[in-house]
Amino acid sequence: MAVDFGFTTGKYNGSSFSVMSRNPFSSQTREVAVVGGRGEFRLARGFAFITTRVLKGINIIVEYNVTLLHY
C-alpha cells in the first residue's frame with residue numbers, strides 16, 4: 001500500500017506525508033510505515049496504526065492513528 005496524506009488548509013497547508021508498507025487488510029488492526037513527506041513534513045519518519053471500523057461488501061471505513069517525527 002502506498003498513500004500520500006495531503007493538507008489543504010491550516011498550519012500544514014501544502015504539506016504531505018507518505019505511508020508505504022504491506023497492508024494485510026484481513027487483520028482488524030495493522031501497522032504501516034511513514035516513509036517521508038514534503039513541506040513541513042520533509043524527512044518525516046514514523047508509523048501509523050490502521051484499524052478497520054466498517055467492512056460491508058466493497059465499502060470500508062478505516063481509522064489512521066499516525067505518529068511521525070519531522071524536522
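**Exercise 1. Contacts of Val32**

Task: In this predicted model, determine which residues Val32 is in contact with, leaving aside its neighbours within four places in sequence.

Solution. Step 1: With those neighbours set aside, the contacts of Val32 are Met1, Val19, Ser21, Arg22, Phe47, Ala48 and Ile50. Step 2: Val32 also belongs to the largest nonpolar core, an eight-residue set completed by Phe17, Val19, Val34, Phe41, Ala44, Ala48 and Ile50. Step 3: At least two residues of this core come from each of β2 (16-20), β3 (29-38) and β4 (45-56).

**Exercise 2. Sheet architecture**

Task: Establish in what order the strands are arranged in the open sheet, and whether the pairing is parallel or antiparallel.

Solution. Step 1: The open sheet is built from five strands in the order β1-β2-β3-β4-β5, with antiparallel pairing. Step 2: The edges are occupied by β1 (2-6) and β5 (59-69); each has a single partner strand, so one side of each lacks a neighbour in the sheet. Step 3: From one strand to the next, the twist averages 30 degrees. Step 4: Between β3 and β4, the antiparallel pairing extends over six bridges. Step 5: Within this part of the sheet, Arg30 lies opposite Ile50 of β4. Ile50 is also a member of the largest nonpolar core and one of the contacts of Val32.

**Exercise 3. Aromatic pairs**

Task: State how many aromatic pairs are counted, and classify the pair formed by Phe47 and Phe49.

Solution. Step 1: Rings pair if their centres lie within 6.5 Å, and the count comes to eight aromatic pairs. Step 2: For Phe47 and Phe49, the centre-to-centre separation is 5.4 Å and the angle between the planes is 75 degrees. Step 3: Planes over 60 degrees apart count as edge-to-face, and the pair of Phe47 and Phe49 is accordingly edge-to-face. Step 4: Phe47 has a relative accessible area of 30% and is partly exposed; Phe49, at 36%, is likewise partly exposed. Step 5: Elsewhere, ring pairs join Phe5, Phe7, Tyr12, Phe17, Phe41 and Tyr64 into a cluster. Of these, Phe17 and Phe41 also appear in the largest nonpolar core.

**Exercise 4. The backbone at Leu43**

Task: Locate Leu43, describe its phi, and decide whether Leu43 is buried or exposed.

Solution. Step 1: Leu43 lies in the loop between β3 and β4. Step 2: Its phi is positive, about 65 degrees, although Leu43 is not a glycine. Step 3: Most residues other than glycine have a negative phi. Step 4: The relative accessibility of Leu43 is 55%; the cut-off for exposed is over 50%, so Leu43 counts as exposed.

Definitions and conventions: Residues numbered from 1 in each chain as written. Predicted model: local features only at pLDDT ≥ 70, side-chain atom pairs only at ≥ 80, totals over all residues. Heavy atoms only, no water. Phe/Tyr/Trp six-rings, centres within 6.5 Å; stacked < 30°, edge-to-face > 60°. Buried < 20%, exposed > 50% of the residue type's maximum accessible area, 1.4 Å probe, protein only. Core = buried A, V, L, I, M, F, W, Y, C linked by side-chain atoms within 4.5 Å. Helix = DSSP H or I, 4+ residues; strand = E, 2+ residues; numbered from the N terminus. Contact = heavy atoms within 4.5 Å. Pairing = 2+ DSSP bridges. Axes fitted to C-alpha atoms, helices over the stretch in contact; angles between N-to-C directions.
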